[in-house]
Amino acid sequence: QVQLVESGGGLVQAGGSLRLSCTASGRTFSSYAMGWFRQAPGKEREFVASINWSGSSTYYAASVKGRFTISKDNAKNRLYLQMNSLKPEDTAVYYCATGSVAADPRRYDYWGQGTRVTVSS
């Protein structure tokens with residue numbers, strides 16, 4: 001059974017940084033693409049970033065490009081999201097998912113439980 005566990009969320013001031021981690025088990029991590037999504041209160045889940053199986057290709061939503069960096073460490077079965085220059089509009093629950101690089105969440109087959117990020121102004 002595949003399990004994804006996110007960590008690293010918290011409260012940060014605008015302009016600050018956080019690094020989210022997602023630890024995977026139950027699947028050959030190195031063989032799969034992965035992504036980060038977020039969901040703010042009252043809004044639909046939206047694509048943030050994704051990375052292919054090897055880590056050689058990355059994709060970002062326009063709203064985070066240049067501020068966020070996705071990476072994966074296949075040896076540690078971990079996915080990361082480095083978030084810099086955070087804005088109040090980045091406040092959301094962040095989820096990692098596996099199975100695709102697509103922006104459409106329906107293309108992903110396993111999801112973590114989410115970690116909350118709150119950016120204060």
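E46 is partly exposed, because its relative accessibility of 35% falls between the limits of under 20% for buried and over 50% for exposed. The model in which this residue is described is a predicted one. From E46 the account moves to the charged residues that E46 joins, then to the aromatic rings, and finally to a sheet.

The side chain of E46 meets that of R38 in a salt bridge, with nitrogen and oxygen 2.6 Å apart. R38 itself counts as buried, because its relative accessibility is 5%. The salt bridge therefore joins a buried residue, R38, to a partly exposed one, E46.

R38 also forms a salt bridge with D90, where the closest N and O atoms are 2.9 Å apart. This pair links distant parts of the chain, since R38 belongs to strand β4 while D90 lies in the loop between β8 and β9 (92-98), 52 residues apart. D90 has a relative accessibility of 1% and so counts as buried. Together with R67, the residues R38, E46 and D90 are linked in a network of salt bridges.

The structure has a count of four salt bridges. One of the salt bridges brings together the side chains of R106 and D104, at 2.9 Å from N to O. R106 is exposed, because its relative accessible area is 74%. D104, with a relative accessible area of 27%, is partly exposed.

The aromatic residues offer a second way into the structure, which holds four aromatic pairs. In one of these, the ring centres of F37 and F47 are 5.7 Å apart and the planes stand at 75 degrees, so the pair is edge-to-face; the angle required for that class is over 60 degrees. Here too distant parts of the chain are linked: F37 is in strand β4 (residues 34-39) and F47 in strand β5 (residues 46-51), 10 residues apart. F37 is buried, because its relative accessibility is 0%. F47 is likewise buried, with a relative accessible area of 13%.

F37 takes part in another pair, with W111: the ring centres are 5.0 Å apart and the planes are at 55 degrees, so this pair is tilted. It connects F37 in strand β4 to W111 in strand β10 (residues 110-111), 74 residues apart. W111 is partly exposed, because its relative accessible area is 27%. With Y108 added, F37, F47 and W111 form one aromatic cluster.

Charge and aromatic ring come together at R45. This residue lies over the face of W111, at 4.7 Å from the ring centre. The charged end of R45 also sits over the ring of Y95, 3.8 Å from the centre of that ring.

The last part of the picture is an open sheet of four strands, arranged in the order β1-β3-β8-β7 with antiparallel pairing. At its edges are β1 (3-7) and β7 (68-73), each of which pairs on one side only. Neighbouring strands of the sheet are turned against each other by 15 degrees on average, direction ignored. Within the sheet, strand β3 (residues 18-25) and strand β8 (residues 78-83) run antiparallel and are joined by six bridges. L18 has M83 as its bridge partner in β8.

Note on methods
Residues are numbered from 1 along each chain as its sequence is written. This is a predicted model: local features need pLDDT of at least 70, side-chain atom pairs count only at pLDDT 80 or more; totals for chains, interfaces and linings use all residues. Side-chain values use heavy atoms; hydrogens and water are left out. Two strands pair if DSSP finds at least two bridges between them. Helices (H or I, at least four residues) and strands (E, at least two) are DSSP runs, numbered from the N terminus. Axes are lines fitted to C-alpha atoms, for helices over the stretch in contact, and angles run from 0 to 180 degrees between N-to-C directions. Rings of Phe, Tyr and Trp (its six-membered ring) pair if their centres lie within 6.5 Å; planes under 30 degrees apart count as stacked, over 60 as edge-to-face and the rest as tilted. Buried means under 20% relative accessible area, exposed over 50%, partly exposed in between (1.4 Å probe, protein chains only). A charge sits over a ring if NZ of Lys or CZ of Arg is within 6 Å of the ring centre and within 35 degrees of the ring normal.
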